[in-house]
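The exercises below ask you to work through one structure, from its overall make-up to single residues. Each task is followed by a solution that goes step by step.

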Amino acid sequence: MKARLVVFPIKGRNWCFSKSAEKTAPGQEATLPNPTWKELWKTIDFRGKKMPENAETVVDFVANKMNRAWVNLEKAPNGTMKNRIHSLAVPLLSRVKPSETFLKSISKDITKVEIAYPPSLNERLVRRRLRHIALRGSAVHKKYFYGSLSLLPFTSVFSVLPLPNIPFFWILFRSYSHWEALKGSERLLLLVSDCSNIKNIEENGRGTDNSEYELCESSSTPWVLIPSKELEELVSSEVERSDALSNNIVSAICQAYRLDKKEVLKYRDLK
């Protein structure tokens with residue numbers, strides 16, 4: 001699968017890294033699967049599959065359950081307990097760093113990335129910044145993933161209370177989020193690096209799967225740098241007047257490249 005990444009300076013030294021949303025047919029709505037525990041048990045194979053494959057199956061199962069639960073919270077009527085939980089979670093989610101959301105969007109199905117950037121930027125610098133955010137994300141989210149897992153046993157104590165165990169589910173969500181960001185950072189690093197990176201990954205003690213070798217065996221590189229004159233015009237017109245991009249310019253960029261405006265603005269507000 002091919003994905004388009006958009007990179008541009010948004011305020012001073014702050015750069016925005018975002019992935020364009022995929023096009024959907026008019027009237028087509030995404031349907032979330034509703035797997036059961038019985039189906040999960042049948043899917044897990046303790047003999048034919050390796051441990052990482054079974055772990056990935058469990059992670060996908062938990063992710064589907066959490067996504068369906070979040071959708072139910074969004075649709076809950078005003079004044080209900082589910083609606084209050086949703087109102088409490090929204091401010092917490094708004095504090096999640098945009099780099100984490102960006103790394104989570106780099107799924108394992110992506111085999112090629114098209115990187116759109118203003119031509120005024122050096123293409124080597126653009127690629128280097130992408131590698132940097134991938135390397136840093138791999139280290140940071142690995143640390144926070146294990147830290148969140150270590151807190152789960154302590155938050156499970158609150159299950160004895162006659163109320164929803166919000167701390168447990170929040171820590172569980174953060175563990176899953178850091179795991180997705182960790183896998184996304186590893187995938188991004190592979191996509192924007194040379195094939196020699198496979199050897200470096202193995203030397204650091206992390207195994208590789210078949211998809212990683214397929215990227216290296218492909219005749220074309222998994223990354224393509226595309227200078228965008230449209231993006232250059234939008235960015236340069238605002239930079240000449242002020243240090244940061246205005247809301248109008250950000251809206252125009254998000255509309256042209258199908259980006260999430262809330263996440264893009266987070267890059268501008270970073271200190």
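## Exercise 1: The chain as a whole

Describe the secondary structure of the chain and how much of the chain is buried.

*Solution.* The chain holds 11 helices and 4 strands, and these assignments, like every value below, refer to a predicted model. Turning to burial, 37% of the 271 residues in the chain are buried. As for the contacts, if one takes those between residues at least 6 apart in sequence, 70% of them join residues at least 24 apart.

## Exercise 2: The sheet

Determine the order in which the strands lie in the sheet, and state which strands are at its edges.

*Solution.* Begin with the order, which is E2-E1-E3-E4 in an open sheet of 4 strands with mixed pairing. The edges are then strand E2, residues 14-19, and strand E4, residues 223-227, each of which pairs on one side only. From one strand to the next the twist averages 25°.

Next, examine how E1 and E2 are joined. Strand E1, which covers residues 2-11, runs antiparallel to E2 and is connected to E2 by 6 bridges, and within this pair valine 6 stands opposite serine 18 of E2. The two strands form a hairpin with 2 residues between them, and glycine 12 in the turn has a positive phi of about 55°. Although E2 is an edge strand, E2 is mostly covered, with 5 of its 6 residues buried.

## Exercise 3: Helices on the sheet

Which strands does helix H6 lie across, and at what angle does H6 run to E3?

*Solution.* Helix H6, residues 166-192, lies across E1, strand E3 (112-117) and E4, and its direction is at about 80° to E3. A further helix, H11 (residues 261-269), packs on the sheet and touches E1 and E2, its direction making about 165° with that of E2.

## Exercise 4: Two residues of H6

Classify histidine 178 and tryptophan 170 as buried, partly exposed or exposed, and list their contacts beyond four places in sequence.

*Solution.* Histidine 178 lies in helix H6, and because its relative accessibility is 6%, below the 20% cut-off, histidine 178 counts as buried. Leaving aside residues up to four places away in sequence, histidine 178 touches Glu100, His141, Tyr144, Phe145 and Ser148.

Tryptophan 170 also lies in helix H6, but its relative accessibility of 26% falls between the 20% and 50% cut-offs, so tryptophan 170 counts as partly exposed. With residues up to four places away in sequence again left out, tryptophan 170 touches Leu92 and Leu93. The C-alpha atom of tryptophan 170 is separated by 9.5 Å from that of leucine 152, 18 residues apart along the chain.

## Exercise 5: Two loop residues

Place serine 193 and arginine 258 in their loops, and decide whether each is buried or partly exposed.

*Solution.* Serine 193 is in the loop between H6 and helix H7 (197-203), and its relative accessibility of 8% is under 20%, so serine 193 counts as buried. Its contacts, not counting residues up to four places away in sequence, are Arg127, Arg131 and Trp223. Between the C-alpha atoms of serine 193 and arginine 128, which are 65 residues apart along the chain, the separation is 9.2 Å.

Arginine 258 belongs to the loop between helix H10 (247-257) and H11, and because its relative accessible area is 32%, between 20% and 50%, arginine 258 is partly exposed. Its phi is near 55°, a positive value in a residue other than glycine.

## Exercise 6: The second largest pocket

Which elements give two or more residues to the lining of the second largest pocket, and which of them gives the largest share?

*Solution.* The second largest pocket holds about 750 Å³ of space. Its lining has 27 residues, of which Lys97, Pro98, Ser99, Arg136 and Leu270 are the closest to the centre. The elements that give two or more residues to this lining are E2, helix H4 (98-104), helix H5 (123-155), H6 and H11, and the largest share, 8 residues, comes from H5. Sorted by character, the residues of the lining are 10 nonpolar, 7 polar and 10 charged.

Definitions and conventions: Residues numbered from 1 in each chain as written. Predicted model: local features only at pLDDT ≥ 70, side-chain atom pairs only at ≥ 80, totals over all residues. Heavy atoms only, no water. Pairing = 2+ DSSP bridges. Axes fitted to C-alpha atoms, helices over the stretch in contact; angles between N-to-C directions. Contact = heavy atoms within 4.5 Å. 1 Å grid on protein atoms, 1.4 Å probe; cavity = no way out; pocket = protein on both sides within 12 Å on 5 of 7 lines; lining within 4 Å. Points joined across faces, edges and corners; volume = space filled by probe spheres on them. Nonpolar A, V, L, I, M, F, W, Y, C, P; charged D, E, K, R; others polar. Buried < 20%, exposed > 50% of the residue type's maximum accessible area, 1.4 Å probe, protein only.
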